[in-house]
Amino acid sequence: MTTNTGSELAPTPTTSLPRLRSAAVLSAVGLIPAVVLAVLVVASSDRFSRCLTYGDYYPDCRHHGVGGSPLGWALAVAGLALVLVLAVPDRARRVKELRTAGLCVQLFAELTFLAMLLSNA
């Protein structure tokens with residue numbers, strides 16, 4: 001008669017698991033300077049300066065670009081993906097797949113957020 005202990009069923013943590021958490025945190029922290037740079041690029045664009053000078057009289061200024069709601073949703077998805085990567089315990093089943101998927105979703109949401117910011121240039 002064999003008995004299964006909890007240690008036989010749970011996977012052992014690998015060395016790549018802390019790297020996935022570190023990558024998620026670095027990506028979240030790296031989003032801050034990326035947003036600052038994107039805002040500077042948008043603020044230095046010709047369209048922005050004309051809209052700032054002439055206001056709504058210039059035809060390009062009537063199109064205000066991406067609104068706040070899609071930007072907020074992209075940041076919310078990135079934040080939830082970060083929480084997923086950080087909250088999955090090391091002994092969970094398929095932990096590597098969950099963290100990898102969470103990191104991919106986080107990176108995609110952050111890149112989408114930055115692309116939406118840059119589309120206002």
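This report describes the helical architecture, buried cores and selected residues of a predicted protein model.

**Overall architecture**

The protein contains 5 helices and 0 strands, and its order along the sequence is α-α-α-α-α. Of its 121 residues, 26% count as buried. The accessible surface amounts to about 8,100 Å², and carbon and sulfur atoms make up 70% of that area. Among contacts with a separation of 6 or more, 78% are between residues 24 or more positions apart.

**Helices H4 and H5**

Two of the helices can be checked against the span expected from their residue count. Helix H4 covers residues 68–87. Its 20 residues should span 28 Å at 1.5 Å a residue, and the end C-alpha atoms are indeed 28 Å apart, so the two values agree. Helix H5 occupies residues 95–118. For the 24 residues of H5, the same rise of 1.5 Å a residue gives 34 Å, in agreement with end C-alpha atoms that lie 34 Å apart.

The buried residues of H4 are Leu71, Ala74, Ala78, Ala81, Leu82 and Val85. Viewed down the axis of H4, these buried residues fall within an arc of 105°, and therefore they line one face of the helix. An α-helix has 3.6 residues a turn, so residues three or four places apart point the same way. The face of H4 turned away from the buried side carries exposed residues, namely Gly68, Trp73, Leu80, Val83 and Ala87.

In H5, the buried set comprises Val95, Arg99, Gly102, Leu103, Gln106, Ala109, Glu110, Phe113, Leu114, Met116 and Leu117. Polar residues are discussed further below in connection with serine 27.

**Nonpolar cores**

The largest nonpolar core consists of 9 residues: Leu17, Leu20, Ala24, Leu82, Val85, Val88, Ala92, Val95 and Leu103. At least two residues of this core come from each of H2, H4 and H5, and H2 supplies the largest share, 3 residues. A second, separate core has 8 residues, including Leu31, Ala38, Phe113 and Leu114. In soluble globular proteins, nonpolar side chains tend to be buried together.

**Selected residues in the helices**

Three helical residues are set out by position and accessibility in the table.

| Residue | Helix | Relative accessible area | Class |
|---|---|---|---|
| Serine 27 | H2 | 14% | buried |
| Valine 42 | H2 | 14% | buried |
| Leucine 98 | H5 | 37% | partly exposed |

Serine 27 lies in helix H2, which runs over residues 16–43. Because its relative accessible area is 14%, serine 27 is classed as buried. Its side chain forms a polar contact of 2.4 Å with the side chain of glutamate 110. Once neighbours within four places in sequence are set aside, serine 27 is in contact with Gln106, Leu107 and Glu110. Of these partners, Gln106 and Glu110 appear among the buried residues of H5.

Valine 42 is also placed in H2. Valine 42 and leucine 117 are separated by 75 residues in sequence, yet their C-alpha atoms are 7.7 Å apart in space. Leucine 117 is one of the buried residues of H5.

Leucine 98, in H5, is partly exposed at 37% relative accessible area. Residues up to four places away in sequence not being counted, leucine 98 touches Leu84, Val88 and Arg93. Leucine 98 and leucine 84 are 14 residues apart in sequence, with a C-alpha to C-alpha distance of 8.0 Å. Val88, another of the residues touched by leucine 98, belongs to the largest nonpolar core.

**Helix ends and loops**

Serine 45 caps the N-terminal end of helix H3, which comprises residues 46–54. In this cap, a side-chain oxygen of serine 45 lies 3.2 Å from the backbone nitrogen of phenylalanine 48. Just after H3, glycine 55 adopts a positive phi of about 70°.

Arginine 94 is located in the loop between H4 and H5. With a relative accessible area of 62%, above the 50% limit for exposure, arginine 94 is therefore exposed. Its phi is near 55°, a positive value in a residue other than glycine. Most residues other than glycine have a negative phi, and most peptide bonds are trans.

Definitions and conventions: Residues numbered from 1 in each chain as written. Predicted model: local features only at pLDDT ≥ 70, side-chain atom pairs only at ≥ 80, totals over all residues. Heavy atoms only, no water. Helix = DSSP H or I, 4+ residues; strand = E, 2+ residues; numbered from the N terminus. Buried < 20%, exposed > 50% of the residue type's maximum accessible area, 1.4 Å probe, protein only. Polar contact = N/O pair within 3.5 Å; in protein donor to acceptor, adjacent residues only side chain to side chain. Contact = heavy atoms within 4.5 Å. Expected span 1.5 Å × (residues − 1). Arc of directions from axis to C-beta. Areas by Shrake-Rupley, 256 points an atom, 1.4 Å probe, with all protein chains shown as cover. Core = buried A, V, L, I, M, F, W, Y, C linked by side-chain atoms within 4.5 Å.
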